[in-house]
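Here are my notes on the model, set out point by point. Please read them with the coordinates open.

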Amino acid sequence: MTKKIAVLPGDGIGPEIVAEALKVLDCLKSEFGLRIETEQALIGGAAYDAKGTPFPAETLALSKESDSILLGAVGGPKWEPLDYSVRPERGLLGMRSELDLFVNLRPAILYPQLEDASTLKPEVVSGLDIMILRELTGGIYFGQPRGRRINGNGEREGFNTLIYSESEIRRIARIGFQIAQKRSNRLCSVDKANVLECTELWREVVIEVGKEYPDVALSHIYVDNAAMQLVRNPKQFDVMLTDNMFGDILSDCAAMLTGSIGMLPSASLDQNGKGMYEPIHGSAPDITGKGIANPIATILSLAMMLRYSFDDGANAVRVEKAVLSALDSGFRTADIYSAGTRRVGTVEMGDAIVAALRTSRQ
Ligand code: NAD
């Protein structure tokens, strides 16, 4: 049966990198018989400009009726003066909560070809392969009450609420343990249980869920130490489980271990494995329109989609191998460039990956 993908390029470099992932998809269709159709819709600032809202009803409808969603990125300085309720990022948060995409998988893998691109010493990062699970629909990004007000002293104050119910913690913890079972049977839960009651509950519930998975070695770490350890000795981690805000920050930190944020894909899944796939980076306004953005994170997000939503490991591996082959041939976008390699733009990198994919058929 033909599957359908909702394609949401978004803002900034979003359309540039999504175009390259679509070229890869077209190659899978023409060369490997993949049966997938796509339909595009607006999200973020582009949607606000055209429709007055960052998350139009037709985008939600298309996303609901599709089997999966591919997103570029949203946001940019143009929309920063807008009220929070219509900022581009609300489109993304709206999608996550409307589709109940509560678990975000963020692999951080250092490809051997890019050891030089990491700012850390090769012996610290070589062979790095971490999976960060970030809770995506709860916590401080969604908690109520939130807002800004004038306090009793006539001063401006801002406030947000960090809140998790035990069922929200339980469902992501289960997925964390299951993913750990498929890897090295080690799960490290990150919290700030020494200071925040909400994350004290997080730790308590993770320990309870852990009793269902006696084969998985569970450990706990405070988030400040986790940030330090990620830079000091990242290979001590395998699967890391954490809340929305801590996961947001730690996964960007892990991204840099791999050389560039432009390399890292992500999957946001619901209870049934339906997902939205996107690079972990943002819309990169500083390089938008220059043709130099790295499309690999988006292309690897497509590979994750094939694996997690379409159970098509064979085509996922083909795409991942094509990326490695383009890197082996020396192609590098500016963010991962090092002396002795060949600096290319977004389109040339996409072309090199498609060419490698085609060659793999022969
Ligand atoms: P960013 O991830 O857009 O950029 C951070 C740095 O990484 C920039 O120097 C950028 O040039 C570089 N970079 C990012 N992606 C790259 C790529 N593919 N290739 C090469 N270099 C790349 O983060 P930011 O600058 O903090 O945010 C910019 C905008 O993106 C903001 O409006 C923010 O709200 C939004 N944002 C959106 C998402 C999302 O759509 N999921 C995530 C994060 C930030």
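1. Which strands does helix H3 lie across, and at about what angle does the helix run to E1? In this predicted model, H3 (residues 57–65) crosses E1 (3–10), E2 and E3 (68–73). The helix runs at about 145° to E1.

2. A second helix to look at is H9 (residues 244–257), which packs on the sheet. H9 touches E4 (103–109), E5 (129–135), E8 and E10, and its direction makes about 155° with that of E5.

3. The sheet is open and has 10 strands, with mixed pairing. Their order is E2-E1-E3-E12-E11-E4-E5-E10-E8-E9. E2 (36–40) and E9 (217–222) each have a single partner strand, so one side of each lacks a neighbour in the sheet. From one strand to the next the twist averages 25°.

4. Within this sheet, E8 (residues 186–191) and E10 (residues 239–242) run parallel and are joined by three bridges. Cysteine 188 is placed opposite methionine 240 in E10.

5. The largest nonpolar core comprises 89 residues. Leu105, Leu133, Leu327, Met349 and Ile353 have the most contacts inside this core. Domain 1 (1–102 + 270–362) and domain 2 (104–264) each contribute at least three residues to it. A second, separate core has 15 residues, among them Ala6, Ala41, Met95 and Leu101.

6. Leucine 105 deserves a check of its own. Leaving aside residues up to four places away in sequence, leucine 105 touches Met131, Ile132, Leu133, Ile179, Pro265, Ser266, Ala267, Leu269, Met304 and Tyr308.

Conventions: Residues numbered from 1 in each chain as written. Predicted model: local features only at pLDDT ≥ 70, side-chain atom pairs only at ≥ 80, totals over all residues. Heavy atoms only, no water. Core = buried A, V, L, I, M, F, W, Y, C linked by side-chain atoms within 4.5 Å. Buried < 20%, exposed > 50% of the residue type's maximum accessible area, 1.4 Å probe, protein only. Domains from an automatic or database assignment. Contact = heavy atoms within 4.5 Å. Pairing = 2+ DSSP bridges. Helix = DSSP H or I, 4+ residues; strand = E, 2+ residues; numbered from the N terminus. Axes fitted to C-alpha atoms, helices over the stretch in contact; angles between N-to-C directions.
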